Amino acid sequence: MFSWTTGGSDAGTYNWQINVTDGYGSVSMTNFTVTVSDSTPGAVGGLASSTGNFYINWTWTAGVNADDYDIQINGTDTGADVSTLYYNATYSAHASRTISVRTHNHTLNEYSAWTNDTTTIPNNTPVLTAIGEHIVTGK
């Protein structure tokens, strides 16, 4: 048995030949092909956000070879090791937050680069509803 640890740069097809010689001059030879796939996790794509008065919802598209996603908000690990393609959180009005997302491949124990997005909860225009004519009296 022959084995070695591969990395992303090893991806490709290799034609190998192994020769074995015994002490009496006999030679045995075999040829075979080895294909190494790149399993390095790719970064998430399309990181985007939507907001409401008190929340930010982030979504993204899957990174290749990703088992799950690590999330940081403003550089602090959320403790979320999510397999979903979104992260939702509530904040105070007008809050600004930066999310950082990276993929994780458990088999290789490798991570992608961080992908970042900064979102601010915008000011919302007040909604005025007509209440008709009313007489307001004071003391």
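**Notebook: surface, fold and one nonpolar patch**

I began with the surface: the chain exposes about 9,700 Å², and carbon and sulfur atoms supply 51% of that area. I note that the model is a predicted one.

I then looked up burial across the chain. Of its 139 residues, 24% are buried.

Next I turned to the secondary structure. I found 10 strands and 0 helices in the chain. Reading along the sequence, I recorded the pattern β-β-β-β-β-β-β-β-β-β.

For the overall dimensions, I took the radius of gyration, which is 28 Å for the chain, whereas a compact globule of 139 residues would have a value near 14 Å. Along the principal axes, I found that the C-alpha atoms fill a box of roughly 120 × 25 × 20 Å.

I also checked how contacts are spread over the sequence. Taking contacts between residues at least 6 apart in sequence, I found that 53% join residues at least 24 apart.

Returning to the surface, I asked which residues make the nonpolar patch of about 230 Å². The patch is made by Ile18, Val20 and Phe32.

I followed one of these residues further. Phe32 is found in strand S2, which covers residues 27-36. Is Phe32 buried or exposed? I entered Phe32 as partly exposed, because its relative accessibility is 31% and the partly exposed class lies between the 20% and 50% cut-offs.

Conventions:
Residues are numbered from 1 along each chain as its sequence is written. This is a predicted model: local features need pLDDT of at least 70, side-chain atom pairs count only at pLDDT 80 or more; totals for chains, interfaces and linings use all residues. Side-chain values use heavy atoms; hydrogens and water are left out. Helices (H or I, at least four residues) and strands (E, at least two) are DSSP runs, numbered from the N terminus. The radius of gyration is taken over C-alpha atoms; the globule rule is 2.2 Å times the number of residues to the power 0.38. Buried means under 20% relative accessible area, exposed over 50%, partly exposed in between (1.4 Å probe, protein chains only). Contact means heavy atoms within 4.5 Å. Accessible areas come from the Shrake-Rupley method with a 1.4 Å probe; for residues, only the protein chains shown count as cover. Patches are made of residues with over 30% relative accessible area and no salt bridge: like charges are joined within 9 Å, nonpolar side chains (Val, Leu, Ile, Met, Phe, Trp, Tyr) within 5 Å. A salt bridge is a side-chain nitrogen of Lys or Arg within 4 Å of a carboxyl oxygen of Asp or Glu.
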